[in-house]
Amino acid sequence: MRVSGLLRILAVIFVLFTSWIFFWGYLSFSMKTVRLPRWLGVVKTRCNLSKPCPDNYFAFKICSGAANVVGPSICFEDHMIMSPVKNNVGRGLNIALVNGTTGMVLKHDHFDMYSGDVQLLEKFLKEITEGMLVLVASYDDPGTKMNDEIRKLFSQMGSSHANQLGFRDSWVFLGARGIKNNSPFEQVGSWWPPHPWRRGGEQCQG
């Protein structure tokens, strides 16, 4: 009797233990399949935009640098192309080129507009072909060495502010070569009064 009683107790303990494991395993699986963020009303958007883009639209977010303290960032279709964390931004103009049909990142670079060689930027812009999207974020100083030719090239891509950019203006812009009208995706801010202006643009581009 003692042996059989002990076996019954062990059997009950085993059943309870396996049931507990099954219950918590099922609960854990259910929580994963429910996807709590959506259940709570929190939906992740591409590039962390304030609202999701419609189908067949590209999502992008461009932030200029804040004075010479906080670096700029360029995100396209949830891909962070340039940012201080990636250590691929610099003083002046930070530019990314994207295929306007596929959304593939083609090239990115930064150009020092205070003491750098402005001919490098001019060459870069002249090699841009139709069908490319041009995303620009300034950092510290976009305008000191910007010559008439560069202003003209940006204007031909849809910029309505390139002709007036000056020392330490904050500028974000998305355009394309051959665009007929001014781009709706552009913001600019003056450096005066002297505090760290930062411009940012988040949009859906179709």
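Which strands does α4 lie across, and at about what angle does α4 run to β7? In this predicted model, helix α4 lies across β4 (92–99), β6 and β7, and its direction makes an angle of about 55° with β7.

## The sheet beneath α4

The strands that α4 lies across belong to an open sheet of five strands, arranged in the order β5-β4-β6-β7-β8 with antiparallel pairing. The edges are taken by β5 (105–111) and β8, and because each of these has a single partner strand, one side of each is left without a neighbour in the sheet. On average, and with direction ignored, neighbouring strands of this sheet are turned by 15° against each other.

Within the sheet, strand β6 (residues 132–139) pairs with β7 in the antiparallel sense, and five bridges join the two. Leu135, for instance, has Leu174 of β7 as its bridge partner.

## Two helices in contact

Two packed helices are described by the angle between their axes and the distance between the axes. For helix α3 (residues 118–126) and α4, the axes come within 10 Å and cross at roughly 30°; since angles under 35 degrees count as roughly parallel, α3 and α4 are therefore roughly parallel to each other. The crossing of α3 and α4 is left-handed. On the α3 side the contact is made by Val118, Leu121, Glu122, Leu125 and Lys126, while α4 contributes Glu149, Ile150, Leu153 and Phe154.

## Aromatic pairs

A pair of aromatic rings is described by the distance of the centres and the angle of the planes. The model holds six aromatic pairs, among them Phe60 and Phe185, whose rings are edge-to-face at 5.4 Å centre to centre, with 85° between the planes. Phe60 lies in strand β1 (residues 58–63), whereas Phe185 lies in the loop between β7 (170–176) and β8 (186–189), so this pair ties together parts that are 125 residues apart in sequence. With a relative accessibility of 2%, Phe60 counts as buried, because buried means under 20%.

Phe154 and Phe173 form another of these pairs, also edge-to-face, with 6.4 Å from centre to centre and 90° between the planes. Phe154 is part of helix α4 (residues 148–156) and Phe173 is part of strand β7, so the pair ties together parts that are 19 residues apart in sequence. Both Phe154 and Phe173 are buried, and together with Trp171 they form one aromatic cluster. Phe154 thus appears in two settings, as one of the α4 residues that make the contact with α3 and as a member of this cluster.

Terms used. Residues numbered from 1 in each chain as written. Predicted model: local features only at pLDDT ≥ 70, side-chain atom pairs only at ≥ 80, totals over all residues. Heavy atoms only, no water. Phe/Tyr/Trp six-rings, centres within 6.5 Å; stacked < 30°, edge-to-face > 60°. Helix = DSSP H or I, 4+ residues; strand = E, 2+ residues; numbered from the N terminus. Buried < 20%, exposed > 50% of the residue type's maximum accessible area, 1.4 Å probe, protein only. Pairing = 2+ DSSP bridges. Axes fitted to C-alpha atoms, helices over the stretch in contact; angles between N-to-C directions. Contact = heavy atoms within 4.5 Å. Parallel < 35°, antiparallel > 145°, perpendicular 65-115°, else oblique. Left-handed = near helix turned anticlockwise from the far one by under 90°.
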